[in-house]
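Me: Please take me through this model by question and answer. Keep the replies short.

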Amino acid sequence: MFTGIVEELGEVVAVERLEDASRFRLRGPLVTEGAQHGDSIAVNGVCLTVVEHGDGEFTADVMAETLKRSSLGALGVGSRVNLERPMAVGGRLGGHIVQGHVDGTGTLLDRTPSEHWELVKVGLPAHLARYVVEKGSITVDGVSLTVVEVGDDWFTISLIPTTLDLTTLGIKKSGDPVNLEVDVIAKYVERLLGPNAGENVR
């Protein structure tokens, strides 16, 4: 479980392309502090398992399903990434409930800078549009954000200087892909209120 509050801006230091998977070596001195084999670390919002670690770096295997659903396959050596460790039990929930299970990818469409913040427009896949609401929460590349406005196939987010400085959202360009995770509670509610809702309840 994550909160979408990015802890560190990391970097891809090596990529090994396999037949149906990839192995990434990533630099993140903060998130690897005290890390153990099998721990989880979110990379651009994708929950990955630590396979090896040392000297401020860690290795993670990314299977075909993850490569298909996320933008991790587009990463190369030198790519910057958002990193977050799982939430500690008893800690503050600074963002919202984030699983690190990416629902799909969107595309950064436009950036409108102002003096103290920046409005970013993101293209939204049709199958995710019903889960995105004005003033609701969404995770973009692992960053917990509040939706400003929603269209049929897009939404906007407002980024403060801290988010621009400390995450990859400050360096993304129009046309770049982003990982999206919608609110899991909305998906559960939809499932429970679907056409077969209640038939298994006794």
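Me: Which residues have the most contacts inside the largest nonpolar core?
Reply: This is a predicted model, where local features need pLDDT of at least 70, side-chain atom pairs count only at pLDDT 80 or more, and totals for chains, interfaces and linings use all residues. Residues are numbered from 1 along each chain as its sequence is written, and side-chain values use heavy atoms, with hydrogens and water left out. A nonpolar core is a set of buried Ala, Val, Leu, Ile, Met, Phe, Trp, Tyr and Cys residues joined through side-chain atoms within 4.5 Å. The largest one has 22 residues, and those with the most contacts inside it are Ile138, Val140, Phe155, Ile157 and Leu180.

Me: Which strands each supply at least two residues of this core?
Reply: Helices (H or I, at least four residues) and strands (E, at least two) are DSSP runs, numbered from the N terminus. The strands in question are β9 (118-123), β10 (137-140), β11 (143-150), β12 (154-159) and β13 (177-181).

Me: What is Ile138 in contact with, leaving aside neighbours within four places in sequence?
Reply: Contact means heavy atoms within 4.5 Å. Ile138 is among the residues with the most contacts inside the largest core. Its partners are His96, Val132, Val143, Ser144, Leu145, Val147, Phe155, Ile157, Leu180 and Glu181.

Me: How many residues does the second core have?
Reply: This core is separate from the largest one. Ile41, Ala60, Val62 and Val102 are included in it. The count is 17 residues.

Me: Where does UniProt place the feature "domain: Lumazine-binding"?
Reply: The entry is unreviewed. UniProt positions are given in the numbering used here, feature names are shortened, and annotations may be inferred rather than shown by experiment. The record also carries "repeat: Lumazine-binding" at residues 1-96 and 97-193. The domain feature is placed at residues 1-96 and 97-193.

Me: How far apart are the end C-alpha atoms of residues 97-193?
Reply: The span is 15% helix and 40% strand. Its end C-alpha atoms are separated by 21 Å.

Me: Is Leu192 buried or exposed?
Reply: Buried means under 20% relative accessible area, exposed over 50%, partly exposed in between (1.4 Å probe, protein chains only). Leu192 sits in helix α3 (residues 184-192). With a relative accessible area of 59%, Leu192 is exposed.

Me: What is the closest N to O distance between Arg130 and Glu190?
Reply: A salt bridge is a side-chain nitrogen of Lys or Arg within 4 Å of a carboxyl oxygen of Asp or Glu. Arg130 lies in the loop between β9 and β10 and Glu190 in helix α3, so the pair ties together parts that are 60 residues apart in sequence. Arg130 is exposed at 52%, while Glu190 is partly exposed at 34%. Their closest N and O atoms are 2.5 Å apart.

Me: Which residue meets Arg85 in a salt bridge?
Reply: The N to O distance is 2.7 Å. Arg85 is in the loop between β7 (80-84) and β8 (104-113), and its partner is in the segment before β1 (8-17), 78 residues apart. Arg85 is partly exposed, at 27% relative accessible area. The partner is Glu7.

Me: Which residues are joined into one network by salt bridges that share partners?
Reply: One bridge links Arg27 and Glu11, with the closest N and O atoms 3.6 Å apart. Arg27 is in strand β2 (residues 21-27) and Glu11 in strand β1, 16 residues apart. The network joins Glu11, Arg25, Arg27 and Glu57.

Me: What does Val13 touch, not counting residues up to four places away in sequence?
Reply: Val13 is in strand β1 and is partly exposed at 22%. Its C-alpha atom is 8.1 Å from that of Gly76, 63 residues apart along the chain. Val13 touches Arg25, Leu26, Arg27, Glu57 and Val77.

Me: What is the relative accessible area of Asp141?
Reply: Most residues other than glycine have a negative phi. Phi of Asp141 is positive, near 50 degrees. Asp141 is in the loop between β10 and β11. Asp141 is buried, and its relative accessible area is 0%.

Me: Is Asp55 buried or exposed?
Reply: Phi of Asp55 is also a positive value, near 55 degrees. Asp55 is in the loop between β5 (52-54) and β6 (57-63). At 82% relative accessible area, Asp55 is exposed.
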